[in-house]
Amino acid sequence: MSVIKIEHLFRDYGGGKGIFDLSFEVDRGEAFGFLGPNGAGKTTTIRHLMGFLKAQQGTCQIDGLDCWDKRDQIQERLGYIPGEISFFDDMTGTEFLKFMAGYRRIDVGSRQKELLERFEFDPKHKIKKMSKGMKQKLGIVAAFMHNPDILILDEPTSGLDPLMQNRFVELVAEETKRGRTILMSSHMFEEVERTCSRIGMIRSGRMAAVDSAAALRERHLRTYTVTLENETLAGAFADDFGGSRQGRQVTVTARQSLEEIFMNYYGGGTND
């Protein structure tokens, strides 16, 4: 069953900016990676899902609820990390987390403490004195502390160091195993490969591809045939690169990484 469902979503900002006839779904218990360069339409799509923007055309729903008409109900139950997090700077992190728990009318129990320890974060400081990485940790704790069944994460590891990025990847993998539904926008190819079962690539406001990471790689296999000076060299080359040999010719199949596939879609004319 689709938990997140977008059908023919359209918002035109002019000058080729916006999203145009966008459609995709995210199933229950699925982690869906949403990839695209800056300005491609990822955040605009997410803002429609959060009920911050009303669709000019098309629909978007979460658990059967219209994202604009039922935005209050949706926002209360989701876990959400915005691409650019805004806080009440005069609050401490502790005060902000208490505020968010009250807004959602929930008891966070031991989950909040577990997340603070995982990300080695002390929330007692004033938010205005926090670094970007500290603010990102605060956003992560706020998004996950109430054990939401649905999470929408817009560039969630922005500002985190590699160690904390890895801990976040582990967290998302654990949540997926628990059956959470996750939509994650990211520029970090490795974290998408490690956590997401399916991937959507958006280009200039339109979906360029939607498929599993494995299927995307399968469609972008590259086969090369090289001719060596003699059969001995050809045999050694075939052994080293797992190729097949016919006389002095060796055929090798290379599987592209997700980053290389991304560049096929976005890297310009030489890569198209």
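**View 1. A hairpin made by strands S9 and S10.** Strands S9 and S10 form a hairpin, and 2 residues lie between them. In this turn, serine 204 has a positive phi of about 50°. Keep in mind as you look through these views that the model is predicted. S9 covers residues 198–203 and S10 covers residues 206–212; the two pair in the antiparallel sense over 6 bridges. To follow the pairing across the hairpin, start at isoleucine 199, which stands opposite aspartate 211 in S10. A handy thing to know when viewing strands: in a regular strand, the side chains alternate between the two faces of the sheet.

**View 2. The largest pocket and its lining.** Here we look at an open space with a volume of about 410 Å³, the largest pocket. The lining counts 19 residues, and those closest to the pocket's centre are Tyr80, Pro82, Phe96, Met100 and Arg104. Which elements each supply at least two residues of the lining? They are strand S6 (79–81), helix H3 and helix H5 (132–144). Of the contributors, H3 gives the most, with 5 residues. If you wonder how such spaces are found, rolling a probe the size of a water molecule over the atoms shows where empty space is left.

**View 3. A nonpolar patch on the surface.** Phe88, Phe99 and Tyr103 together make a nonpolar surface patch of about 280 Å². Tyrosine 103 belongs to helix H3, which runs over residues 93–104. Is tyrosine 103 buried, partly exposed or exposed? Its relative accessible area is 34%, so tyrosine 103 is partly exposed.

**View 4. Histidine 48 in helix H1.** This close-up centres on histidine 48, found in helix H1 (residues 42–49). Histidine 48 has a relative accessible area of 1%, and therefore counts as buried, since buried means under 20%. For a sense of distance, find phenylalanine 24 too: histidine 48 and phenylalanine 24 are 24 residues apart in sequence, and their C-alpha atoms are 13 Å apart in space.

**View 5. A salt bridge between two loops.** Aspartate 90 and lysine 128 form a salt bridge, with their closest N and O atoms 3.3 Å apart. Where do these partners sit along the chain? Aspartate 90 is in the loop between S6 and H3, while lysine 128 is in the loop between helix H4 (111–118) and H5. The pair links distant parts of the chain, 38 residues apart. Aspartate 90 counts as exposed because its relative accessibility is 55%, and exposed means over 50%. This is one of 14 salt bridges counted in the model.

**View 6. Arginine 180 and its salt-bridge partners.** Aspartate 149 forms a salt bridge with arginine 180, and the closest N and O atoms are 3.3 Å apart. This pair also links distant parts of the chain, 31 residues apart: aspartate 149 is in the loop between H5 and strand S7 (150–154), and arginine 180 is in the loop between helix H6 (162–177) and strand S8 (181–185). Aspartate 149 is partly exposed, with a relative accessible area of 44%, whereas arginine 180 is buried at 12%. The side chain of arginine 180 also meets that of glutamate 175 in a salt bridge (3.0 Å, N to O). Glutamate 175 has a relative accessible area of 1%, so this residue is buried. Through shared partners, salt bridges join Arg111, Glu114, Arg118, Asp149, Glu174, Glu175, Arg178 and Arg180 into one network.

Conventions: Residues numbered from 1 in each chain as written. Predicted model: local features only at pLDDT ≥ 70, side-chain atom pairs only at ≥ 80, totals over all residues. Heavy atoms only, no water. Patch = residues over 30% accessible without salt bridge, like charges linked within 9 Å, V, L, I, M, F, W, Y side chains within 5 Å. Areas by Shrake-Rupley, 256 points an atom, 1.4 Å probe, with all protein chains shown as cover. Salt bridge = Lys/Arg side-chain N within 4 Å of Asp/Glu carboxyl O. Helix = DSSP H or I, 4+ residues; strand = E, 2+ residues; numbered from the N terminus. Buried < 20%, exposed > 50% of the residue type's maximum accessible area, 1.4 Å probe, protein only. Pairing = 2+ DSSP bridges. 1 Å grid on protein atoms, 1.4 Å probe; cavity = no way out; pocket = protein on both sides within 12 Å on 5 of 7 lines; lining within 4 Å. Points joined across faces, edges and corners; volume = space filled by probe spheres on them.
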